[in-house]
Amino acid sequence: MKKQVIDSHCETAMFYPYVFIMKRPIILSIIILLPVSLFSQIDESWKIEAKNIDLKNYFGVTVANGMIGLVSSPEPMKVKDVVLNGAYDYYQRGRVSNILKTFNHVNMNLDVDGQRVSLATISNYQQTLDMRRASLTTTFDVQDKLTVSHTLMALRHLPYTALTIIVIKAKKDVVITPMSVIEAPDHLTDVRNLYSEIDRPHVTIPLLTSVGKSPSGKLIVAASNSFIFGEPHGQEPRLIHEDWNYNMHLAKFSKPLKAGESYQFAVVSSATCSSEYNDPMNEAERLTIFAKLEGTQRLLDRHLEAWNNLWKSDIVIEGDLQTQKDVRFALYHLYSFARAGTAYSLSPMGLSGLGYNGHVFWDTELWMYPPLLVMQPEIAKSLLEYRFQRLEAARKNAFSHGYKGAMFPWESSAEGTEDTPVWALTGPFQQHISGCIGWAFWKYYLVTKDKTWLKEQGYPVLKEVADFWASRVERKGPGRYEINNVIGANEWQENIDNNAFTNGMVITVLRYATQAAKELSIPPDADWEIVAQNIPILKFSDGTTKENASYDGVEIKQADVNLLAYPLDVITDRAQIEKDLNYYEPRMSINGPAMGNSALSTLYSKLGKPDKAYELFNKSYKPNQVPPFGVLAETAGGTNPYFATGAGGFLQAVIFGFGGLQITDSGIIQNKSKLPKDWKRLLIKNAGAGHLDFLVK
């Protein structure tokens, strides 16, 4: 392992060996001993608190593990939604598929002396996200009778299973009645509720289970949960099953507590779908049984070990606690929404709900993927696997539009066919996404140098993308291989000709395909370079890069021309970069999405202007934060969090802007950079396939 250090006094980055000692947080041995807060010792930089919670102005935080997303609720001991990755069906929304919201299998009720706990009966209500441990803890008092701590985790090592730990401390003599509830959202059909107990000499395993069909009946979804008690076998509380209606049932128990007494129990909950298993109901029950018999401590140990491994790749900012928390919050969400070893990608809203139907756009490859490629290459590989497995669908899409090669859809879900609503012209015309996907595939090879992967997956995708663009251009003579009738990055300009970003990305990916072929000693198609050389990048009379053939200076949704300088390297001349920034920055709409300003921030960092870069960095996300956790909406004043695309954008401003990192033919290198004045040090830990640390001070 090596450490790379760069500061304002050195022109080139130097490498030197180093040794460090990391002290593992000593938390596992004390978890069960803390009666009120399971994780009370949390470093402030890892903690996101929600206080003074307003039921009418609440945007939840997501606890996820790349397969299930649990979206928090302002209601005590409940979550708003449970979202399943990779499962799509039709909700009558836009006549296209939607990511599936499944059974809410982690909700709980609590009665105290026969009275239901609600917002009206509690005080000192607080929720805290511990990002290091990926746990959400809710604490509250019930009148003057007791204090409750409720901690929820989507277990990282068990992709379909959640763990809830409840600690109740009595202030007076009381009788508590906790209830584990499974509820079906309205769109599920043919719901069946079951309760059973598996009796063994050493343990009784209660199973609360629900199974149903997705809205069209295409998929079967199932959920199951079970209590974990601390009492010896035979002394556990007696459970009562109540089947209220077709859409809700519960298991409950009652227990008297003396004043000063604490009581702890847990619930394990598993959710599966026929998109993953032929028999999701039995599998959900098996996974729940497995988790129950693992026990709370073993589940916690493995969950925390998995997150400790993820957090070896971290971004540390000294001198600015709030920005440190904001950056970790963004990393936490990207780590939570995806996982290594799968073929699932990222939607703009991750696993935080139904936003954008859970579809996969260019948001993945151009915005969320680059930070993951640097920080978690194996997770980044999963995002590429998603595209590779849908290459045949992209070939068919190109064929149906009269082109060769592979034309990837603007909105993709399960099958990889076009899933954009018909009324949105972005589906057939925002074709730059095929270039973005090819771009991402080559970047993965540059970081990992995995030649086997390049041969088997990387080059096949790059070749098909290059063939698509070679057939897509209109050959009108030297310097006029035009790409007409498209929508670019600035979606407010529809059906335009020679869009700057589209043309620049096509030039880039054609050359990447050529490089990939040569890397594998395969003769590249000579036509790819001919096409690349003849695609125009238009300019105004004063030399400013022109967004498209008909662009006349109107307000734009987001950066387009500026993307030619970053993340592309089509424009490298400093004077040209500044000219384009000066022209387009004032034209950026205040109603545009978060990632536009982050790209400009990265460019100003590369120009050696950290103050301006920091101004745009803050502008790229702070106005988009919504209460009570500060999760990101897509736009300033928006209400559709969590916008993972925006998180990817401002993480790029940190990594590739202030951090000076660059992905080159030699892998990840670090260029000279300058920090914002309040930052003392910036450390990017365990980056890339080489697990390097990069320091700026």
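Trainee: Which residues touch the most other members of the largest nonpolar core?
Mentor: Keep in mind that this is a predicted model. Its largest nonpolar core has 199 residues. The ones touching the most other members are Phe265, Ile315, Trp362 and Phe617.

Trainee: And what does Trp362 touch, leaving out residues up to four places away in sequence?
Mentor: Two of its contacts are also tryptophans, Trp367 and Trp410. The rest of the list is His432, Ile433, Cys436, Ala489, Phe501, Gln558, Leu563 and Met595.

Trainee: How many residues does the second core have?
Mentor: That one is separate, and its members include Met153, Leu163, Val268 and Leu299. Its residue count is twelve.

Trainee: On to the open sheet: which strands stand at the edges?
Mentor: Nine strands line up as β3-β10-β11-β12-β13-β21-β17-β16-β15, with antiparallel pairing. An edge strand here has a single partner, so one of its sides is left without a neighbour in the sheet. That description fits β3 (47-50) and β15 (189-200).

Trainee: What is the bridge partner of Ala223 in β21?
Mentor: Start with the strands: β17 (residues 220-228) and β21 (residues 262-273) run antiparallel, joined by eight bridges. On the β21 side, Ala223 is matched with Ala271.

Trainee: At what angle does helix α2 run to β13?
Mentor: Helix α2 covers residues 296-310 and lies across β12 (146-154), β13 (161-170), β17 and β21. Its angle to β13 is about 120°.

Trainee: Is Phe227 buried or exposed?
Mentor: Phe227 has its place in strand β17. Among the residues it touches are Pro206, Leu239, Phe253, Phe265 and Lys292. Buried means under 20% relative accessible area. Phe227 is at 3% relative accessibility, so the verdict is buried.

Trainee: How far apart are the C-alpha atoms of Phe227 and Asp363?
Mentor: Along the chain, these two are 136 residues apart. In space, their C-alpha atoms are separated by 40 Å.

Trainee: Are α13 and α15 roughly parallel or roughly antiparallel?
Mentor: The axes of α13 (residues 595-606) and α15 (residues 644-658) come within 8 Å and cross at roughly 0°. Angles under 35 degrees count as roughly parallel. So the label for α13 against α15 is roughly parallel.

Trainee: How many charged residues are in the contact of α13 with α15?
Mentor: On the α13 side, the residues include Met595, Ser598 and Lys606, and they meet a set in α15 that includes Phe650, Gln652 and Phe656. By class, the contact has five nonpolar and eight polar residues, and the charged count is one.

Methods:
Residues numbered from 1 in each chain as written. Predicted model: local features only at pLDDT ≥ 70, side-chain atom pairs only at ≥ 80, totals over all residues. Heavy atoms only, no water. Core = buried A, V, L, I, M, F, W, Y, C linked by side-chain atoms within 4.5 Å. Buried < 20%, exposed > 50% of the residue type's maximum accessible area, 1.4 Å probe, protein only. Contact = heavy atoms within 4.5 Å. Pairing = 2+ DSSP bridges. Helix = DSSP H or I, 4+ residues; strand = E, 2+ residues; numbered from the N terminus. Axes fitted to C-alpha atoms, helices over the stretch in contact; angles between N-to-C directions. Parallel < 35°, antiparallel > 145°, perpendicular 65-115°, else oblique. Nonpolar A, V, L, I, M, F, W, Y, C, P; charged D, E, K, R; others polar.
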